[in-house]
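Open the model in your viewer and get ready to select a few places, one after another. At each stop you will read what to click on and what is there.

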Amino acid sequence: MSDERETYDTAATETKWRAVWDDLQPFRADDDSPREKKYALTMFPYPSGDLHMGHAEVTALHDVVARYWWQKGYEVLNPMGWDSFGLPAENAAIRNDAHPADYTYGNIATQLESFQRYGVSFDWSRRFNTSDPSYYKWTQWLFLKFHEKGLAYRKNSPVNWCPNDQTVLANEQVVDGTCERCGAEVTKRELTQWYFRTTAYAQELLDCLDDLQPTWSDKVVNSQRHWIGRSEGAHVDFVVAGREEPITVYTTRPDTIFGTTFMVVAVDSALASDLVTDERRTEFEAYREEVRKETEIERLSTARPKTGVDLGVTATNPVTGQQMPVWATDYVLADYGTGAVMGVPGGDQRDWEFATVMGLPIVRTTQPPADFEGEAFSGEGPAINSPAEGESAPLDINGLAVAEAKSTTIAFLEEQGLGRGTVNFRLRDWLLSRQRYWGAPIPIIHCPVDGEVPVPEDQLPVELPELRGADLKPKGTSPLGGAAEWVDVACPTCGGPAKRDTDTMDTFVDSSWYFFRYVSPHDDTQAFDKGLADAWGPVDLYVGGDEHAVLHLLYARFFTKALRDMGLVSWDEPFSSYLSQGKVINNGRKMSKSLGNGVSLGDQLEEFGVDAVRLTLVFASPPEDNIDWADVSPGGSVRFLQRAWRLSGDVTSEPGVDPSAGDTALRKVTHKTLHEAETLVESHRFNVMVARTMELVNATRKAIDSGPGGSDPAVREAVEAVAILLSLVAPYTAEEMWERLGHQPTVARVGWPVVDEALLVEDSVIAVVQIQGKVRARLEVSPDISEADLEAAAMADAGVVRAIDGRPVRKVVVRAPKLVNIVV
RNA sequence: GCCCCGGUACUCCAAUGGCAGAGAGAGUGGUCUCAAACACCAUCCAGUGUGAGUUCGAAUCUCACCCGGGGCACCA
């Protein structure tokens, strides 16, 4: 009985096995291995403080697969590093009169220690930090490649501005009108900034989502589709009186052109200030000033009334010949389509509201259903007033359904040279420059003579000047501008006085290519080795959180395609499959300091041990679901692991004993479990895999206590299988068991047991006999019974005969060997 | 407003057209213990959000609605 209470000391085993693993290095990825290669990747962390529950979950899940691949005989690349540029370090440096590197590298050391304690199968020999000059040298090199190909360029345009962080933001970093990072309300500024031409790949980024759909979460694919936002429509030219250039608008409803009664252009567009007449200029500029002061939140509010200014010019409707006023407004976006829209109040609710406020005419061009009660009608219906009754026009689409009306109109416009069918995307180019210090400097020199001059490759990296503390205070322009001796350089082309670009790159640039760098992390002659990239990649499994659904994941896809077109890699897509893990929450709410419901990973590890915490996170739910820490039981995990471990002490046979002489019933459970576990891991149903392992433990316990006993070879086989299954989730316990079973370390690399197919076949199965879909009898039959035999057996069963009760049998459905359904 | 995902015992979750329960937690009762913890045994607990449909048969497929989570949102 005392054996049953035996336990092992988790803290001691953690220390013990870490030393062994450090020595054996079981997870070093060998570039030259003849084994088939797999690339497993988890989003690398930003080094803010220590690791938290979220890191623990994502790495535990990801490690199941990485370790499974090793066991299955693959050579696995499973690297880890740090996404170590970013604002928190800079803000900490300002607070503490320090250098951002102090904060950054201190936290990296802390997190590295935690990762190692956590027992993840990372290949630490490949680690790097994106803030290392040896890494950002290549970030800069890639920027120059993009620049060379016209994929990185500067333009002046209204941009998102975070007043708190004092820097510009990419579209993707503005969430509900607020800064994704700090929550401040975003405003607009007109600035010259650097962009990546993501829109050049809009169509391909969209098309490839079809291929990713089966192996990526629906959520992420759906979000990206929305974000890219393809729409089909037309460009239409409207002639403006007294102006050579027409106003070109983008519309998805060219068929409603007859209902155009005014034009609207974005107030903050160059077009608006170009069009406005002198008489209207004062009014226009006052309005524009008012709009500029608005925050994004105010602008996005759909409830507030429409505003605008008449620009004093008129345009001609090309199909009706009507003269229409041209207005400037803030409800048209400067950076979508052409920044100008044809106002069709009958078919567009926003135009309806505008027309109502401004007293402009409203014409319907689509016949709404009789019971339609809304204002503008944008649904299906026959075209009307195209042209209006009694009027003639060069085009007549009356009576046509929307799709036909559209195509007919486009054909007409093209024929007349007044417009053309076109495709438009919601996706904008990626604004990548930032007015902050702790990032990769943009390797461009601005010369009054030669313009934008790339820093010559042999002068990379452009290292950050040493700035600290108050030097880094945000002031709306980059802190790098304050380092005069760094800014002033000779132009590489003419040798004359020139200045370095003082902006740094968005940190998402760093993480857009880090998965390439892992294949040759120490190569100082190139960003990464193409041969190794093609050998290891693309990433077979990427695990991370949904918060990056349209940020990192889209940028990384864009980078991969651009790099491919430069001939640097052969992949089309970076991540063959993507698993998005849920969040760890507590008591139904996100963990946060203000709610006081935070759970410290360190405390949990202290209390329950690494293995129990990992097991709890893997077992709690399907990986995509959130885990509420209040719903789970790390204590239960501890008990299970002890119970599993205790099995290894009850095995009395010697290592290497032939299991084929052992108890068949237990062997069947073992082999069935191993077989199912393969499918379950491969389909990422780790929680069920753990449940199957628990069943095997329970069955083995029974076999030892009230079955063939601990000396039976089948018991050894079963317990070894448990150790191997647990090696995916609870590496310390698995090693302890393996050692106790008389083996040498490490269980992590012993290989997946060969499943004996013969043991997967049942001798007999229970067939269910249903009458009217209700179970009336169970028959024990051979698994390969024929349908005819099974039907005969069912009809002969006394219980069945009684249940039929002499009624005529209308139909018999037989699904051998599991089921017979009799319909009377 | 549009789009995506999900609703199964007290709780977390299994069951991929075929017996609703694999696994776990909590509860209750017991064995063990001086006692507790651990361990072990037993036990309580749902007809699958609601309504209709398809089918011999539906948690599973279809439609509508309700609830929850997420994405987009003045994108013309």
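Start by selecting aspartate 631 and RNA strand B: an N or O atom in the side chain of aspartate 631 is 3.3 Å from a sugar or linking oxygen of the strand. This is a polar contact, meaning a pair of N or O atoms within 3.5 Å; within protein, one must be able to donate a hydrogen and the other to accept it, and residues adjacent in sequence count only if both atoms are side-chain atoms.

Before the next click, a word on the model: it is predicted, so local features need pLDDT of at least 70 and side-chain atom pairs count only at pLDDT 80 or more, while totals for chains, interfaces and linings use all residues. Residues are numbered from 1 along each chain as its sequence is written, chains are lettered from A and ligands numbered from 1 in the order in which they are written, and side-chain values use heavy atoms, with hydrogens and water left out.

Next, select tyrosine 331. Here a backbone N or O atom lies 2.9 Å from a sugar or linking oxygen of RNA strand B. Then move to arginine 815, where a side-chain N or O atom is 3.3 Å from a base oxygen of RNA strand B.

Now show every residue near RNA strand B (one with a heavy atom within 4 Å of it). There are 54 residues around the strand, and Thr252, Arg350, Arg685, Arg778 and Asn821 come nearest. On the RNA side, sugar and phosphate account for 65% of the strand atoms that come within 4 Å of the protein. How do the residues of this surface divide by class? You will find 18 nonpolar, 14 polar and 22 charged. Ala, Val, Leu, Ile, Met, Phe, Trp, Tyr, Cys and Pro count as nonpolar, Asp, Glu, Lys and Arg as charged, and the others, Gly among them, as polar.

For the last stops, look at some backbone details. Select serine 386 and proline 387: the peptide bond between them is cis, with omega near 5 degrees. Proline 387 sits in the loop between helix 12 (349-358) and helix 13 (402-416). Helices (H or I, at least four residues) and strands (E, at least two) are DSSP runs, numbered from the N terminus.

Another cis peptide bond joins alanine 816 and proline 817, with omega about 0 degrees. Look for proline 817 in the loop between strand 29 (811-815) and strand 30 (819-823).

Finish at glutamine 25, which is not a glycine but has a positive phi of about 45 degrees. Glutamine 25 is in the loop between helix 1 (10-24) and strand 1 (37-42).
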